[in-house]
Amino acid sequence: MAKRAINNVKLGFFVLAGLLIMIFSLYMIGKDTNMFGSNYTLKVRFENVHGLTSGNNVRYSGIQVGTVKRVKILSDTLIEVSMLIDTKMKQYIHKNDIVSMSTDGLMGNRILNITPAKDGSPLAENGDLLITKKSVSTDEMLETLDKTNKNIRDISQELKLTVLKINNSSALWKLLTEETLPDNLRASSFSIRKAAANADGMVQDLHTIINDLRAGKGSLGSILTDTAIAYNLNEAVLSIQQVGNHADELVRELDDLTKGLKSDVNSGKGPAHAILKDSTLVIKLNNSLSNIEKGTEAFNQNMEALKHNFLLRGYFKRLEKRKK
Amino acid sequence: MPLPPTWQQFLDEAGGLSRFTGRFFSQGFKPRYEITELLRQCYIIGYKSLPLVGLTGFIMGLVLTMQLRPSLISYGAESQLPAMVGIAVVREIGPVITALIFAGKIGSSIGAELGSMKVTEQIDAMEVSGTNPFKYLVVTRVMAATLMLPVLVILSDAISLYGSYLGINIKGVISMDLYFKQVFDALSFDDFVPAFIKTYFFGFAVGMVGCFKGFNSSKGTEGVGRSANSAVVVSSVLIFILDLLAVQITDILGLN
């Protein structure tokens, strides 16, 4: 009888172990499908659900928060998806949070991602409709890739042609196989370097000159920088202008004078006319001048006589003595 | 039109088994119940089978993991190993392998035990002494087999998954937490519940066939060996047929 009791204990232990493992695994399986614990429902509407079915996971910023409860067709362009969300998430999910669809891994199941909107909208209540964001579907990606592939094909064809042309070009190959070319190039580059160094020196010189100019050194500098010179120049120019004006007047007056003279000479008025035009006057003048010549000769003789006169001889002797 | 003798024999067997099953249902649920004998049979059939079942389960999990690993690596899906092994073990490998081992051990022992009792006319003596031999021998054994196989399968699943965890850690590294998290993430009730329900049928089939073969054994001691042998063969075939039915039914119910 005692042995039978021990056997029963063993049996009970065996069965309980089985039951415990079963309950544990049922709980573990059920935990993710939100069968236990309280939930609330959020809704979202898509144009295309890309194979999303009930039981697919819902994630909030990458954390598993619930599952898809039902996918319902509202109209030909609208599909409503109900999500069962853990009640603990009620304090995090806001009304303006964005729901997008993506794939778990590269080939995995469809999942819904809730992304926080971060705009301070009120918390989502049971049955609220969240906003969706259109996700990039594989088809669209493939379409774009197709275009890219075509472009790459065109480009590679062009590249092939270019390479063929390069390969067929004898001039280029000659250039590439030319052995003196590197030496020449090196010499050229050396010259260029020297020229550049010279240019650099020149530029530096110019730089110093410009600096000097700026500092007002040298005549050019003073011209450019001294304001007094500019004033003086201005004055000088003004004076020159005035002189010019005066010259104008003078010329006008001279003009008038010559005109008067001309008319006087021509009309026979005044002494000029008499001098220039009267021939009898010339004869008279001639006579007068010869008379004066005779008179002066006589006067010279008189003066010589006077020198030798006793009365005046003493004076002249004193003059000669002073000269010596 | 006379049927070929093999056909006739087969139909005779099928009819006999059906009648025997009907007798189990008609008598099994009426008082008085042989509770003590049922517990004793449960201990023998369930508890005593655990080491064998546990060993095979452990080896199956380990081997399955190591066999799956190279092909999963070639797909670059090595991280899916726990999920794959978990689903394979819980859905199919665990129930079927355990049931087959169970049939080998329990089916043969029931067949041999009842067969030798029949041949030595102990059953007839029991009837004379006023005890219902069908209730005392058949119902308790079938009930025990039906109730114990699911428990064995669950324990075997757990041991298999542990073996698979060790199998992954032979070549790679995975923590116990992550391993079981991945296994249970991959599993759903659709995987677990149908597999669990079908184990009741497996256990029932093994117990029923073993008892039928033993109860109807004849031709002396030679018949005892034959009934033990045919009990194992028929119950193993029945397990596969039931498995086929189960997968069809779960498919129709949309649980696959």
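In the predicted model, a hairpin connects β3(A) to β4(A) by way of two residues. The two strands of this hairpin pair in the antiparallel sense over eight bridges, with β4(A) spanning residues 78–86 of chain A, and within this pairing Gly66(A) finds its bridge partner in β4(A) at Ile85(A).

Strand β3, comprising residues 63–75 of chain A, is also joined to strand β2, residues 57–60 of chain A, by four bridges, and these strands run antiparallel. In this ladder Asn57(A) has Thr67(A) of β3(A) as its bridge partner. The hairpin formed by β2(A) and β3(A) has two residues between the strands, and Ser61(A) takes a positive phi near 50° in this hairpin.

A further antiparallel pairing involves strand β5 (residues 98–103) and strand β6 (residues 110–115) of chain A, which are joined by six bridges; here the bridge partner of Ser102(A) in β6(A) is Ile111(A). In general, strands of a sheet pair through backbone hydrogen bonds, in either a parallel or an antiparallel arrangement.

These pairings belong to a closed barrel of seven strands in chain A, which follows the order β1-β4-β3-β2-β6-β5-β7 and has mixed pairing. From one strand to the next, the twist of the barrel averages 40°.

Beyond the barrel, the model contains a contact between chain A and chain B, to which chain A contributes 18 residues and chain B contributes 17 residues. Grouped by class, the side of chain A that touches chain B consists of nine nonpolar, six polar and three charged residues.

Notes. Residues numbered from 1 in each chain as written. Chains lettered and ligands numbered in written order. Predicted model: local features only at pLDDT ≥ 70, side-chain atom pairs only at ≥ 80, totals over all residues. Contact = placed C-beta atoms within 7 Å. Nonpolar A, V, L, I, M, F, W, Y, C, P; charged D, E, K, R; others polar. Pairing = 2+ DSSP bridges. Axes fitted to C-alpha atoms, helices over the stretch in contact; angles between N-to-C directions.
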